[in-house]
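Biologist: Could you take a close look at one part of this model for me, the nonpolar patch on the surface, and then walk me outward from there into the rest of the chain? Keep it informal, but I'd like the numbers.

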Amino acid sequence: MLYTNTGDGKYRYSGSFHKTGKPDVSSLIYLCFYFKTVLQLIHSWQQFLETLQTTALAYYETRQAELRDMLQELPMKIKCLPWKSIVIVALPFLVYLLLFKFYVSIRTITGLDEVTHPNIEILPAVEEHVFFCHPHKLVSQNPHFVLDCLAAVPYLLHFPLPFLFMLYLLLTPKKRAAVFPYFWCAGWVNLIAVLVQLLFPTAPPWYTDSAVFDQNGALIAVQPNEAGFKRLDHVIGHDLFHGIYSQSPVKFGAFPSLHIAWPMVILLNQPWFGWKVAIIHVAWITWAALYSTHHYAIDAVGGILLALLIKACIVYIWSPFEEYKASDNENGTIPTNKTDRSEIV
């Protein structure tokens with residue numbers, strides 16, 4: 001051996017020397033073999049780097065060519081989009097967004113603030129006659145951090161839910177034809193709901209149960225509008241839900257509940273994980289709405305019935321878009337309307 005272990009973790013040179021002080025032949029052979037191996041490793045590494053560089057350049061050039069072709073085809077694809085159907089299907093949702101955004105201004109300009117005041121009596125009265133109790137009080141009487149987290153999940157998913165589901169339909173070729181019927185249904189559900197809330201504002205249970213009035217009927221104190229989620233805000237040390245709900249222009253829109261109506265619309269329009277999971281989603285957010293005292297049970301019933309009513313009108317009365325049928329959409333195209341099915345994406 002050219003090197004030997006000294007026993008203390010170190011190595012020393014132990015090549016044999018003649019009396020002349022030169023290393024023997026075996027040591028020279030070993031050194032030559034060692035340097036040859038090092039040179040081979042260096043050469044192999046250089047070849048690897050060259051191959052990697054060549055592959056990367058080829059991939060980049062290929063992707064660059066594909067991107068260039070895609071950009072060249074983009075104007076034609078945009079031109080071929082069914083713009084007429086896109087505008088039609090977006091109209092109900094756009095009107096809903098305008099009414100929601102300018103809710104306070106519309107009520108002020110039209111004088112609705114002087115005609116219809118937020119009602120705090122009718123929903124609990126109706127609920128008492130229907131359920132013989134107030135389900136939200138039963139569900140929320142034993143709050144816990146784990147339950148708060150479980151309730152927060154569907155509420156946080158609520159805001160991006162319609163667009164995530166639409167994206168899912170677009171990315172699923174076999175269900176792509178359901179995009180327009182779904183968005184048409186969702187748009188009308190939202191529009192009808194905000195019209196009801198505009199003409200007949202109703203207070204949620206957290207407001208009714210916590211509001212304190214003086215002898216003249218003026219509000220003295222009330223719970224924050226994040227309701228039961230204020231506990232979660234306190235635990236995480238951040239006003240997450242307070243920031244969300246304090247910015248909402250619709251303070252008195254308990255009935256009907258869009259929190260429940262949106263998952264119900266998905267249930268009625270080719271749900272992404274099957275109808276069983278969609279039903280669980282509807283039940284989950286219904287429980288969360290009651291547990292957080294954001295809604296009465298009658299609000300949830302109203303949201304479910306509204307989604308069913310709109311879907312029934314679309315199927316049995318009129319809709320500019322044909323109902324989705326898997327057997328009619330094997331090629332993953334988007335039918336536009338009942339009179340013109342030639343435009344596809």
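Modeller: Sure, and let's begin with one residue: Phe145 is found in helix H7. Keep in mind that this is a predicted model. Phe145 counts as partly exposed because its relative accessibility is 41%.

Phe145 belongs to a nonpolar surface patch, together with Val146, Leu150, Val153, Leu156, Leu157, Val235, Ile236, Leu240 and Trp284. Together these residues have about 810 Å² of accessible area. Which elements give two or more residues to the patch? They are helix H7, residues 145–158, and helix H11, residues 230–236. H7 gives the most, with 6 residues.

H7 and H11 also share a salt bridge. Arg231 pairs with Asp148, and their closest N and O atoms are 2.9 Å apart. Arg231 sits in H11 and Asp148 in H7, so the pair ties together parts that are 83 residues apart in sequence. Is each partner buried or exposed? Arg231 counts as partly exposed, because its relative accessibility is 29%. Asp148 has a relative accessible area of 4%, so this residue is buried. As a general point, side chains of opposite charge can pair when their charged atoms come close.

The structure holds 2 salt bridges, so let me give you the other one as well. Asp113 pairs with Arg107, with 3.0 Å between the closest N and O atoms. Here the acid is the partly exposed partner, as Asp113 has 30% relative accessibility. Arg107 is buried, at 4%.

Back to H7, this time from the side of a neighbour. In helix H8, which covers residues 161–171, Leu161, Pro162, Phe165 and Leu169 are buried. Looking down the axis of H8, you find these buried residues within an arc of 100°, so they line one face of the helix. What do they pack against? The partners are H7, helix H9 (179–199), helix H13 (258–267) and helix H14 (275–291).

Phe165, one of the buried residues of H8, also turns up in an aromatic cluster. Ring pairs link it with Phe93, Tyr96, Phe100, Phe163, Tyr168, Tyr182, Phe183, Trp272 and Phe273. A search of the whole structure gives 18 aromatic pairs.

H13 leads us to a backbone detail. The peptide bond from Phe255 to Pro256 is cis, with omega near -10°. Pro256 lies in the loop between helix H12, residues 240–246, and H13.

H14 leads to another one. In the loop between H14 and H15 you'll find Thr293. Thr293 is not a glycine, yet its phi is positive, about 60°. With 13% relative accessibility, Thr293 counts as buried.

On the far side of that loop, H15 (297–316) is a packing partner of helix H5, and so is helix H6 (135–139): the buried residues of H5 pack against both. H5 spans residues 122–131, and Leu123, Pro124 and Glu127 are buried in it. Seen down the axis of H5, the buried residues fall within an arc of 95°, so they line one face of this helix too.

H5 is followed by Phe132, which is found in the loop between H5 and H6. Phe132 also has a positive phi of about 60° without being a glycine. Is Phe132 buried or exposed? Its relative accessibility is 68%, so Phe132 counts as exposed. Thr293, by contrast, is buried at 13%.

Zooming out to the whole chain, there are 15 helices and 4 strands. Of the 345 residues, 37% are buried. The chain exposes about 21000 Å², and carbon and sulfur atoms supply 68% of that. Among contacts between residues at least 6 apart in sequence, 72% join residues at least 24 apart. The Arg231–Asp148 pair, 83 residues apart, is one example in the side chains of parts being tied together across the sequence.

So, to come back to your patch: H7 supplies 6 of its residues, holds Asp148 of the salt bridge to H11, and is one of the helices that the buried residues of H8 pack against.

Definitions and conventions:
Residues are numbered from 1 along each chain as its sequence is written. This is a predicted model: local features need pLDDT of at least 70, side-chain atom pairs count only at pLDDT 80 or more; totals for chains, interfaces and linings use all residues. Side-chain values use heavy atoms; hydrogens and water are left out. Patches are made of residues with over 30% relative accessible area and no salt bridge: like charges are joined within 9 Å, nonpolar side chains (Val, Leu, Ile, Met, Phe, Trp, Tyr) within 5 Å. Accessible areas come from the Shrake-Rupley method with a 1.4 Å probe; for residues, only the protein chains shown count as cover. A salt bridge is a side-chain nitrogen of Lys or Arg within 4 Å of a carboxyl oxygen of Asp or Glu. Buried means under 20% relative accessible area, exposed over 50%, partly exposed in between (1.4 Å probe, protein chains only). The arc is that of the directions from the helix axis to the C-beta atoms. Contact means heavy atoms within 4.5 Å. Rings of Phe, Tyr and Trp (its six-membered ring) pair if their centres lie within 6.5 Å; planes under 30 degrees apart count as stacked, over 60 as edge-to-face and the rest as tilted.
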